[in-house]
Amino acid sequence: MSDYKYSIEAKNVNKTFLKKNQKVKALIDFNITIERGTIHGLLGPNGAGKSTFINVLGGLVKKNSGKVNICGIDIDKNIKLSKFKIGIVPQELNIDPFFSPAELLELQAGLYGVPKRKRKTDEILENLKLSDQRNSYARTLSGGMRRRLLIGKALVHDPEIIILDEPTAGVDIDIRASVWDYIKRISNQGKTVCLTTHYLEEAENLCDNISIINHGKKIIEGSKKDLLNIISTKTVSFVLERNILVPNQLNEFKPILTNNILKLSYDKNKTNIKNIIDILIKNQIDFREINTSEGDLEDVFLKVIKDK
Ligand SMILES: Nc1ncnc2c1ncn2[C@@H]1O[C@H](COP(=O)(O)OP(=O)(O)OP(=O)(O)O)[C@@H](O)[C@H]1O
Ligand SMILES: [Mg+2]
């Protein structure tokens, strides 16, 4: 195995499209580092430049400037080899309708020069729960089945990196859970996974590291844990035994009292929840239940997108 630290490393990548004679800057000095063996989320609003970057990796879009290395290979020096290292699951469900899933996987394997004895068509179909559709026309497959078939297509040449552009868009909850399991399994085999998604819950569940991109620029990149720490506000709700008058000492925690539930917000880096409980006890406020909640990835996303 060759020696490289980052599965994908991009520096100062620029891409400008011409749309109706107008210049659209899809990527502006875009940087990213995706560590080997991790699941990396590439997040950003519609039109942020995510798919453009993925298409640059796959050689479908030619960047105007910048450097991109895939498994340590400079794509400008050896696009053929670098393309071999990645399997891309595209955002659009473009599948030839007149082939069956088995035929499509065999065709794809042929394109990549995978010898017949090394092909894993049935194993891939089984893993993606498509065995029953093995020989049906692709046009008869549902949206979720097509999405899984596209994942299968990206895996036939056993690439080191799997890139999934919106792997669960339009997929129901059951299938989404099985796609998540499958992504985790791919990752457990030591592969590097990069995915884009608009379901922040999906990124929170799956990703080790996350990059957030907006208007073609990377805004922030880091471990999921570090990103979640950006939001230090926590909320605590007390279910009270009886109605109360909120004491002034709680004002700094922006109290909201509704239906005997007292909701307070505090900065977890400044306040310990014990301080709040002490104030309640001192004021003889009885409660029978406490619930706390922390900021999630969606809060982080909205905050960093708004700040830039
Ligand atoms: N082939 C193209 N020709 C012209 N403009 C393009 C082309 N591909 C992308 N763009 C433009 O580049 C910008 C970035 O688009 P891109 O598809 O990369 O966004 P995205 O982050 O993938 O968005 P989404 O979440 O909607 O998939 C958009 O303004 C888009 O209109
Ligand atoms: Mg896209």
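**Exercise 1. In this predicted model, determine which residues come nearest to ligand 1 and which elements supply the shell around it.**

*Solution.* Begin with the residues themselves: there are 13 around ligand 1, and those that come nearest are Phe17, Ala26, Lys50, Ser51 and Thr52. Next, turn to the secondary structure, where strand E1 (6–19), strand E2 (22–35) and helix H1 (50–57) each contribute at least two residues to the shell. Of the elements, H1 gives the most, with three residues. Finally, sort the shell by class, which yields seven polar, four nonpolar and two charged residues.

**Exercise 2. Lys20 and Asn260 each have a positive phi although neither is a glycine; find where each residue lies and whether it is buried, partly exposed or exposed.**

*Solution.* As background, most residues other than glycine have a negative phi. Take Lys20 to begin with: its phi is about 50°, and it sits in the loop that links E1 and E2. A residue is exposed if 12 or fewer other C-beta atoms lie within 10 Å of its own; Lys20 has 5 such neighbours inside 10 Å and therefore counts as exposed. Then take Asn260, whose phi is about 65° and which is found in the loop between strand E12 (256–258) and strand E13 (261–267). With 14 other C-beta atoms within 10 Å, Asn260 is partly exposed.

**Exercise 3. Work out the order of the strands in the six-stranded open sheet, name its edge strands, and describe how E3 is joined to E8.**

*Solution.* Reading across the sheet, the order is E6-E7-E8-E3-E9-E10, and the pairing is mixed. The edges are strand E6 (86–89) and strand E10 (217–223), since each of these pairs on one side only. Direction ignored, neighbouring strands of this sheet are turned by 15° against each other on average. Within the sheet, strand E3 (residues 39–43) and strand E8 (residues 192–196) run parallel and are joined by four bridges. As a detail of this pair, Leu42 stands opposite Thr196 in E8.

**Exercise 4. Identify the strands touched by helix H10 and those across which H1 lies, and give an angle for each helix.**

*Solution.* Consider H1, the helix that also gives the most residues to the shell around ligand 1: it lies across E3, E6, strand E7 (161–165), E8 and strand E9 (209–214), and runs at about 145° to E7. Helix H10 (residues 297–307) likewise packs on the sheet, where it touches E3, E9 and E10, and its direction makes about 35° with that of E9.

Conventions: Residues numbered from 1 in each chain as written. Chains lettered and ligands numbered in written order. Predicted model: local features only at pLDDT ≥ 70, side-chain atom pairs only at ≥ 80, totals over all residues. Near = placed C-beta within 6 Å. Nonpolar A, V, L, I, M, F, W, Y, C, P; charged D, E, K, R; others polar. Buried ≥ 20, exposed ≤ 12 C-beta atoms within 10 Å, placed from the backbone. Pairing = 2+ DSSP bridges. Axes fitted to C-alpha atoms, helices over the stretch in contact; angles between N-to-C directions. Contact = placed C-beta atoms within 7 Å.
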